[in-house]
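Subject: Structure for you to look at

Dear colleague,

I am passing on the structure we spoke about, together with some notes on what turned up in it. Please read the notes with the structure open beside them.

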Amino acid sequence: MTKPSLTELLHAAVAAVGGTERPGQVAMAEAVASAIDDSSHLLVQAGTGTGKSLGYLVPALAHGERVVVATATLALQRQLVERDLPRTVEALHPVLRRRPEFAMLKGRSNYLCLHRLHEGVPQEEEEGLFDPFEAATPTSKLGTDLLRLRDWSDETETGDRDDLTPGVSDRAWSQVSVSSRECLGASRCAYGQECFAELAKERARLADVVVTNHALLAIDAIEGAPILPSHEVLIVDEAHELVSRVTGAATGELTPGQVNRAVRRAAKLVNEKAADALQTAAETFEGLMELALPGRLETIPEDLEYALAALRDASRTVISAIGATRDKSVQDEDAVRKQALASVESIHTVAERIAERSEYDVVWYERHDRFGASLRVAPLSVSGLLREKLFADRSVTLTSATLKLGGDFNGVGASLGLAPEGTAGVDGTPGADLPVWKGVDVGSPFDYPKQGILYVARHLNNPGSEGTRADMTDELAELVEAAGGRTLGLFSSMRAARAAAEELRGRLDVPILLQGEETLGELIKNFAADPRTCLFGTLSLWQGVDVPGPSCQLVVMDRIPFPRPDDPLMSARQKAVEEAGGNGFMAVAATHSALLMAQGAGRLVRATGDRGVVAVLDPRLATARYGSYLRASLPDFWYTTDRNQVRRSLAAIDETARAEGK
């Protein structure tokens, strides 16, 4: 029997999902198939509207070996598992003569724990905690959530938190879930045979396509103990997010509250001497944290070094003591022991890591208005980890609408541990072969020069680090008025978004929604429902808004979103590049900004009929040397700095939309 062609398979899949086959999608599918066949690596930029999910799913399913697809957002995971994969599998079944299986796999804490649900949370008498199911009144928010979770546990097939609608608070979910460290293990748990997390792992083990998230992919790489089933092909969608997600998974944290919880949980399980030593170390650490000032610690102060050594040594002693004792008087002893061990091991791991003072780690204090001070440690770079763990034993395809920054893939490639495109060899370490890869830009189905304008307000003052920008606010008000509302305002800080919203609410007769005043989902729904409405906010809006049509015809960025100068991790990374002889500003700050701006500008054109303006109220995009690099990272809109021209264009777009009754 002849093997079906990729064109035939793609045609069947596109017809099944009710889509339109696009040249970019065909080019992407061919590039992915070629990378899989060659066991090589591919970076593929596919603009919004390309249909990139099918562009990688079809060649992956045709390949026949197990494929892991990792995404950053819950929305895309749901789209893949609930829509794209079922339809694609059904469409390809008659052609492939087989029906590939697929499954979703997340971290353990995303699944309902039946042991926790039925046996309750291990009690912490010193905290005065209680069985939440017994004590939470049904009329309280917590009580209502917990009763709903108990009912849901009898109905759900997955136990996946994201399948519970409406959701519950983090506090309620923490009562019925466990981390991998707290889990008793299927063989020792009375509910091991029914465990939702174990069932999800088993489904993944039997599946041809496993859909997971970047965080689990990162943990799988970092921990060394495999969580994901073995696979020959890895596809990373929303790949522009990967480095930050891996960095997050590799970041450790110590807080006084976390340390005190570990002390309480361990106290009843170990001898008095071991418990007292950990208690004393915790008090010393808490005293230091009360005085901690935010910022990077390039060297560890002597008093902190002493406190961390005390925490490390005391927690090591407690871990040994917990493992060596049994106490039948403790109710649900195994669960209590596991929870205590997880807490103390976490303290030990982070304290030891910071105390080691690795040149490859960045350490800093953070202070939060609500949660107080924390001590954090993160890798200076994750490129080496990704190169070693991600690209070594499988074909990897990374895809996103924004991977090509400043005109090429090398900036993103470097952050992933890859050499410049087309080069092979070593990174200066003998024998350390760098993965060979190829970058492909399959374009977009949109005609950006005809559908959108990039306007840079060159006449404004450069934004300073302090104070309000009256000229920027005036400019914003004029643009919003010309557009008749219809504006998504992307701000570099919540303070700036709030100030702009308050000022314009007093000036303009259009509704202005502000992030934080409602849930993000509600805000976006309301923004999409009324074309006159504006939505202002910060980081999550730069990437999380998909509103095609007349409700979003003006996207405004208040300034180039450079990292804050006092961001400990970004500034450390920039300094490291400079010390190695590179351009730290371009490699770190400009790359970070280009990625965010490309994502932000991508909010404007979401469908072939969309028209509008991306307005950047920061003249540096037109005047600074790095401006051309940033502009080259954005969609190819028609470019202008003429403020009168852009107002006329916005008014015309608004008039057309009104005439069409939109």
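The notes below go from the whole chain to one group of strands and then to one helix.

Please keep in mind throughout that this is a predicted model. The secondary structure of the chain comes to 27 helices and 18 strands. Its radius of gyration is 27 Å, close to the 26 Å that the globule rule gives for 662 residues, so the chain is as compact as a globular protein of that length. Taken along the principal axes, the box filled by the C-alpha atoms is roughly 80 × 70 × 65 Å. Of the 662 residues, 51% count as buried, and when contacts with a separation of 6 or more are considered, 76% of them are accounted for by residues 24 or more positions apart.

The strands I looked at are centred on β15, which covers residues 534-537. Strand β13 (residues 487-490) runs parallel to β15 and is joined to it by three bridges, with Leu490 standing opposite Gly537. Strand β14 (residues 512-514) also pairs with β15 in the parallel sense, again over three bridges, and here Ile512 stands opposite Cys534. Between β14 and β15 the chain passes through helix α21 (residues 520-529), and this β-α-β crossover is right-handed. Within β15, Cys534 and Phe536 point one way while Leu535 and Gly537 point the other way, and all of them are buried. In a regular strand, side chains alternate between the two faces of the sheet.

The helix I would draw to your attention is α23, which comprises the 12 residues 568-579 and reaches 16 Å from its first C-alpha to its last, close to the 16 Å expected at 1.5 Å a residue. At its N-terminal end, α23 is capped by Asp567, a side-chain oxygen of which lies 3.1 Å from the backbone nitrogen of Leu569. Leu569 is itself one of the buried residues of α23, the others being Pro568, Met570, Ala572 and Arg573. Against which elements do the buried residues of α23 pack? They pack against two helices, α11 (242-249) and α24 (584-601), and against the strands β7 (295-296), β8 (361-368) and β9 (372-379). After the helix comes Gly581, whose phi is positive, near 95 degrees.

With best wishes

How values were computed. Residues numbered from 1 in each chain as written. Heavy atoms only, no water. Helix = DSSP H or I, 4+ residues; strand = E, 2+ residues; numbered from the N terminus. Expected span 1.5 Å × (residues − 1). Buried < 20%, exposed > 50% of the residue type's maximum accessible area, 1.4 Å probe, protein only. Contact = heavy atoms within 4.5 Å. Polar contact = N/O pair within 3.5 Å; in protein donor to acceptor, adjacent residues only side chain to side chain. Pairing = 2+ DSSP bridges. Right-handed = clockwise from strand over helix to strand, strands pointing away. Rg over C-alpha atoms; globule rule 2.2 N^0.38 Å.
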